[in-house]
Amino acid sequence: MKGNEAIAEAAIIAGCRHYFGYPITPQTEIAAYMAKRMPKIGGTFLQAESEIAAINMVYGVASTGLRVMTSSSSPGISLKGEGLSYLAGADLPALVVNVQRGGPGLGGIQPSQSDYFQATRSGGHGDFRMIVLAPSSVQEMAELTVKGFELADQYRMTAMILADGTMGQMMEPVALDLDVKPMPEKQWATTGTKMNRPHNIVNSLFLDPAALEQTNFERFERYKFIEENETMYEEYLTDDAEIVIAAFGIAARVSKNAIDEARKQGIKVGMIRPITLWPFPVAPFRKAADKAKAFISVELSMGQMIEDVRLAIDCKAPVTLCNRVGGMIPSPEQVLESIRQTAASLGGAN
Amino acid sequence: MVVFDKPHALTDAPLHYCPGCTHGIVHRLVAEVIDELGIEGQTIGVAPVGCSVMAYNYFNCDMIEAAHGRAPAVATGVKRANPKENIVFTYQGDGDLASIGMAETVHAAARNENITIIFINNAIYGMTGGQMAPTSLPGQVTQTSPYGRDVNHCGYPIRVCELLSELEGPEYLARVTVNSVKNIKAAKAAIKKAFQNQIDGKGFSLVEVLSSCPTNWGMTPQKALKWIDEAMIPYYPLGVYKDRSAKEEAK
């Protein structure tokens, strides 16, 4: 199954019956899959007139408490930025998929990870966060989609799958016997009062500055809880590692090959693969920094996650960047060379 | 004997609108229609960005505040979430509907989305203090057209009902006003039809209400109502621009 299709099928398994999107490469398989499946299962697939309309249709369905999603790729996500901010301001749960391509501007259609800042800092105006999940296999595309819906509902916020063109197009076997937790009750939803409760209002406008400040404080209390409880990551050979690679998505898969080769050459290198990019898994990096002498951030960007790595380890060790951009992917040889150079600079085995 | 009462679908919140503004009248008409059709418990309203941004405080049904211009897209989501139960209306001004949200408006109409749109056309941006709207008249003086709207510089005002009437999609398009008792009664009938159409599953129904903005027009409330007759109606003629069911029945 293709990664994009795995996301679509997992969303349906998670109970999502509403999908809104606008065509953009390299994620259109998600829309195509939904267009085929949704009418057969009593769901709604609607091709919106724009990314902006699509995210606002998501906002409408989310207001009624149902699971809903949209997907796009980098330039389209920029257009959705307005809606992402409103979803955050109105505390609405939704799943948004970004199958990233190279940028800025129209960029290209090949894989990229250069929307890391946009996803983990703020996808739109105002103070807010999204839960950002970074799959590294087709299986994870499916599993994190379910997880994304669950986290979005639990914390009343947007969860974003931050994939890339490789993940979207890659074909791998995938097990779809996915566990889905029951959806929490949503008493805030605008489902019609049925004349037996006061009206519900979904809103992000607070003209009184003190009231607006309070909503921000409360939201960030929630974010703090998420940072303490919801980080996900994978460690690979970090126990004795003198060099630790940070990489996610396709970069992590390439890095694994390079690490295996470097280990054969006697270099003690391991990897921390963040699965949640926000909240960023600070703890394993902090722990690794007690022993490791150097870190390498392997990215398909000009160096975005590297800032989080430096913050996580309090600059206790040097962090270098190993990257390709514009749709290019670092080869295992490039990563291995980066590992070897780092090892040499440490005066270690070579 | 009660001869005059507040519709149940209106809350007790005091309206924030300026003296002489016709938003209050249109709110009341929408609420009366919701009462008369007995649909308050299943109605979900979508407020825009503009003067009626806080409409969510004034209607007793469930309410959603949308981003500027996006109300028809939000309403599409709400309607599609539960098409059998949900009665969905948007309440939008001219900047919201005909400028920043034109794409959402046109496409919701083209899809014949089964929603009701109340479109307040007062030929100006009220909330931000009186700037030129997509419906400001040629020569109209506003904060951003201080020498009068020059059509050679910034084009002509948009007649929304006429524009949408060229589409196959929409079910019902009507332009009304609320500057006299007679016109208010006609406006209410159009609004009621726009909701009834949705209940009957007929589709996209939009009622454009020519409205006054005495504050930003720089007029007294009385003069403003007169200006609707003298300046607005000649450019924006009242009437039904599309009524597909009526046309089909007539065949």
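Two residues count as in contact if their C-beta atoms, placed from the backbone, lie within 7 Å. Keep that in mind for the exercises below. This is a predicted model, in which local features need pLDDT of at least 70, side-chain atom pairs count only at pLDDT 80 or more, and totals for chains, interfaces and linings use all residues. Residues are numbered from 1 along each chain as its sequence is written, while chains are lettered from A and ligands numbered from 1 in the order in which they are written.

**Exercise 1. Describe the fold of chain A.**

Step 1: start with the contacts. Of those in chain A with a separation of 6 or more, 78% join residues 24 or more positions apart.

Step 2: list the elements. Chain A has 12 helices and 13 strands; helices (H or I, at least four residues) and strands (E, at least two) are DSSP runs, numbered from the N terminus.

Step 3: check the overall size. Chain A has a radius of gyration of 21 Å, close to the 20 Å that the globule rule gives for 350 residues, so it is as compact as a globular protein of that length. The radius is taken over C-alpha atoms, and the rule is 2.2 Å times the number of residues to the power 0.38.

Step 4: look at burial. In chain A, 56% of the 350 residues are buried, where buried means that 20 or more other C-beta atoms lie within 10 Å of a residue's own, exposed means 12 or fewer, partly exposed is in between, and C-beta atoms are placed from the backbone.

**Exercise 2. Find how the two domains of chain A meet.**

Step 1: take the bounds. The assignment gives domain 1 (3–229) and domain 2 (234–346); such bounds come from an automatic or database domain assignment.

Step 2: place the domains. Their centres, taken over C-alpha atoms, are 28 Å apart.

Step 3: count the contact. Domain 1 of chain A brings 27 residues and domain 2 of chain A brings 22 residues. On the domain 1 side, α5(A) gives the most, with four residues.

**Exercise 3. Trace the largest nonpolar core.**

Step 1: find its hubs. A nonpolar core is a set of buried Ala, Val, Leu, Ile, Met, Phe, Trp, Tyr and Cys residues joined through C-beta atoms within 7 Å. Of the 185 residues in the largest one, Val58(A) and Ile118(B) touch the most other members.

Step 2: find the main contributor. Helix α3 (residues 51–63) of chain A gives the most, with nine residues.

Step 3: place the core. Domain 1 and domain 2 of chain A both give residues to this core, so it lies between them.

Step 4: zoom in on Val58(A). Not counting residues up to four places away in sequence, Val58(A) touches residues including Phe20(A), Met69(A) and Gly77(B).

**Exercise 4. Work out which helix of chain B leads the contact with chain A.**

Step 1: count both sides. The contact takes 32 residues from chain A and 30 residues from chain B.

Step 2: rank the elements. On the chain B side, α2(B) gives the most, with eight residues.

Step 3: check its burial. In α2(B), 11 of its 11 residues are buried, among them Gly77(B).

**Exercise 5. Test the geometry of helix α9 (residues 221–235) of chain B.**

Step 1: compare the lengths. At 1.5 Å a residue, its 15 residues should span 21 Å, and its end C-alpha atoms are 21 Å apart, which agrees. The expected span is 1.5 Å times one less than the number of residues.

Step 2: look for a bend. A kink of about 35° in α9(B) is centred on Trp227(B); the bend is the angle between axes fitted to the seven residues ending at a residue and the seven starting there.

Step 3: name the buried residues. In α9(B) they are Ala224(B), Leu225(B), Ile228(B) and Met232(B), and their cover includes β5 (172–177), β6 (205–210) and α8 (214–217) of chain B.
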